[in-house]
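This report concerns the structure shown below. It treats helix packing, salt bridges and surface character in turn.

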Amino acid sequence: MSSHEPTPKTRKPGERLFTFLLVIGSVYLFWQAYQIAGFSDLSSAGAFPMATAATMILAACFIFVNTLKRPTSQNTSFFTHCFPPIVAMIMALILVYAVVLESLGFILSSFVFLFITIQFLYRRRMLTTLAISLFSLIMVYIVFRLIFQVVLPEGIVPERDIIASITALWR
């Protein structure tokens, strides 16, 4: 093999399964598009979605076949390539956040989640992490709770009493 010839591209872990799922997903989307109006007319409501899904099926099949032709990468495993420890850690933090959100409430659980996640990913001084977490939480709270009036889980922080006290100061 000369130095000018490109080395064959290898298949990464999970790539074969992913491209197969693309084919299956495209077929499913085609079926859903067919359910709209069938093959009744070229100008029917389902014609464009069916054409789009058919294009997706062709492209996904082409990619799947090309993926099968490539040699398997020998030096990587699925977990190191697709699911490294940092991804597992963040997913675990999100899971814990989702579990405690209702009982602890939005303010407390979001602050702890932001603080731990930012500290874990950003790795700066605690004071910097504290400031970023607090600022982020305040901005999210203002936008969603005060402007859009989204009802957030109250939990153990007496949010209604705090808001009532703040509004009483402005009167």
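The model is predicted.

**Surface patch and Leu146**

Leu146 has a relative accessibility of 45% and is therefore classed as partly exposed, the range between buried (under 20%) and exposed (over 50%). This residue belongs to helix 6, which covers residues 126-147. Leu146 is also one of the contributors to a nonpolar surface patch of about 1,000 Å². The other members of the patch are Leu134, Phe135, Ile138, Met139, Val140, Ile142, Val143, Phe144, Ile147, Phe148 and Val150.

**Packing of helix 1 and helix 2**

Helix 1 (residues 15-37) packs with helix 2 (residues 47-69) at an angle of about 165°, and the two axes lie 8 Å apart. Because an angle over 145 degrees counts as roughly antiparallel, helix 1 is assigned that orientation relative to helix 2. The crossing of helix 1 and helix 2 is left-handed.

**Salt bridges**

How many salt bridges does a search of the whole structure find? The search returns 3, and they are listed here with their N to O distances.

| Acidic residue | Basic residue | N to O distance |
|---|---|---|
| Glu15 | Arg70 | 2.7 Å |
| Glu159 | Arg145 | 2.8 Å |
| Glu154 | Arg160 | 2.8 Å |

The side chains of Glu15 and Arg70 form a salt bridge at 2.7 Å. Glu15 is located in helix 1, whereas Arg70 sits in the loop between helix 2 and helix 3 (78-82), so this contact ties together parts of the chain that are 55 residues apart in sequence. Arg70 has a relative accessible area of 17%, and because this value is under 20% the residue is buried.

A salt bridge also joins the side chains of Arg145 and Glu159, at 2.8 Å. This pair connects helix 6, which holds Arg145, to helix 7 (residues 159-170), which holds Glu159; the two residues are 14 apart, and the pair links distant parts of the chain. Is Glu159 buried or exposed? With 5% relative accessibility, Glu159 counts as buried.

In the pair of Glu154 and Arg160, the closest N and O atoms are 2.8 Å apart. Glu154 has a relative accessible area of 24% and is partly exposed. Arg160, at 60%, is exposed, because its value is over the 50% cut-off.

Methods: Residues numbered from 1 in each chain as written. Predicted model: local features only at pLDDT ≥ 70, side-chain atom pairs only at ≥ 80, totals over all residues. Heavy atoms only, no water. Patch = residues over 30% accessible without salt bridge, like charges linked within 9 Å, V, L, I, M, F, W, Y side chains within 5 Å. Areas by Shrake-Rupley, 256 points an atom, 1.4 Å probe, with all protein chains shown as cover. Salt bridge = Lys/Arg side-chain N within 4 Å of Asp/Glu carboxyl O. Helix = DSSP H or I, 4+ residues; strand = E, 2+ residues; numbered from the N terminus. Buried < 20%, exposed > 50% of the residue type's maximum accessible area, 1.4 Å probe, protein only. Axes fitted to C-alpha atoms, helices over the stretch in contact; angles between N-to-C directions. Parallel < 35°, antiparallel > 145°, perpendicular 65-115°, else oblique. Left-handed = near helix turned anticlockwise from the far one by under 90°.
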